[in-house]
Amino acid sequence: MGGSGPVGFDLDMTLINSRPAILASFAEVARETGTPIDLDAVDRRLGVKLEDELAFWFPPEQAAAAAAIYRWHYLRLAEPMTTVLPGAHEALAAVRAAGQRAVIITAKHQVSAEPSLRAAGLVADELFTLVHGPEKAAVLRRLRAVAYVGDTPPDMTAAVQAGARAVGVTTGSFTGEDLADAGADVVLDSLVGFPAWYRSA
């Protein structure tokens, strides 16, 4: 596959372990607003836009204030609580070694994505934020990406819709079967296996 086009990567639970910072930030939102938030339910949906998750817990008129509380805490917690997932650096390097761009496409807001990348020591050749599901497919089509790597079924669906190879990693909240059912061409335990797959694909 090397040499044929850019490769897109999801951010949360694909390149970085942001779960601790995300769940801690939602816990702070619950504490400050007095609104019960089931963190296990949040965990099961990791990867959706913040606003979409907040819609499960707050009426529309309260969502913007809740999002502001979340982002304040996330920016405070992202760097100390975010870690890079195994193989992330090597996966991006493999794409670049083939002379291609490693593009990060995430539902995260840019103000949250940047400290997360800093904490993990990762740099994107291009960064697209606030995109999820079909919006990711539109970005992938525009880039003419040859593959998209992610940890959720919507990531796999976006790749399929864009005509890109769908590469699933089981480092998030979903099983290999979940990812395969959503159209994954290949499912990896982690990004450690990505460089070998990429060179042989």
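In the predicted model, Thr 35 is in contact with Ala 30, Trp 57 and Phe 58, once its neighbours within four places in sequence are left aside. Thr 35 belongs to the loop that joins α1 (19–33) and α2 (39–44). Its relative accessibility is 16%, and because the limit for a buried residue is under 20%, Thr 35 counts as buried.

The strand β6 (residues 147–150) pairs with two other strands, β1 and β7. Strand β1 (residues 7–9) runs parallel to β6, with three bridges between them, and Gly 8 is placed opposite Tyr 148 of β6. The pairing of β6 with strand β7 (residues 165–169) is also parallel and comprises four bridges; here Ala 147 is found opposite Arg 165 of β7. Between β6 and β7 the chain passes through helix α8 (residues 153–162), and the resulting β-α-β crossover is right-handed. In a regular strand, side chains alternate between the two faces of the sheet. In β6, Ala 147 and Val 149 point one way, while Tyr 148 and Gly 150 point the other way. All four of these residues are buried.

The largest nonpolar core contains 27 residues, of which Val 7, Phe 9, Leu 15, Leu 191 and Phe 194 touch the most other members. At least two residues of this core come from each of β1, α5 (88–97), β4 (102–105), α6 (110–120), β6, β7, β8 (186–188) and α10 (194–200). The greatest contribution is that of α5, with five residues. For Leu 15, again without neighbours within four places in sequence, the contacts are Phe 9, Asp 10, Val 84, Leu 85, Ala 88, Leu 92, Ile 104, Leu 122 and Leu 191. Another core, of 20 residues, lies apart from the largest one and has Val 29, Ala 30, Tyr 70 and Ala 78 among its members.

Five aromatic pairs were found in a search of the whole structure. One of them joins Tyr 70 and Tyr 74, whose ring centres are 5.8 Å apart and whose planes meet at 15°, so this pair is stacked. Both tyrosines lie in helix α4 (residues 60–81), four residues apart, or about one turn of the helix. Tyr 70 and Tyr 74 are both buried. A tilted pair is formed by Phe 194 and Trp 197, with 5.8 Å from centre to centre and 45° between the planes. These two residues are in helix α10, three residues apart, which is again about one turn of the helix. Phe 194 is buried, as is Trp 197.

Phe 194 and Trp 197 also belong to one aromatic cluster, together with Phe 9 and Tyr 198. Tyr 198 is likewise located in helix α10, and at 1% relative accessibility it counts as buried. The C-alpha atom of Tyr 198 is 12 Å from that of Gly 8, although the two residues are 190 residues apart along the chain. Elsewhere, an aromatic ring is associated with a charge: the charged end of Arg 45 sits over the ring of Phe 56, at 3.6 Å from the ring centre.

Terms used
Residues numbered from 1 in each chain as written. Predicted model: local features only at pLDDT ≥ 70, side-chain atom pairs only at ≥ 80, totals over all residues. Heavy atoms only, no water. Buried < 20%, exposed > 50% of the residue type's maximum accessible area, 1.4 Å probe, protein only. Pairing = 2+ DSSP bridges. Right-handed = clockwise from strand over helix to strand, strands pointing away. Core = buried A, V, L, I, M, F, W, Y, C linked by side-chain atoms within 4.5 Å. Contact = heavy atoms within 4.5 Å. Phe/Tyr/Trp six-rings, centres within 6.5 Å; stacked < 30°, edge-to-face > 60°. Lys NZ or Arg CZ within 6 Å of the ring centre and 35° of its normal.
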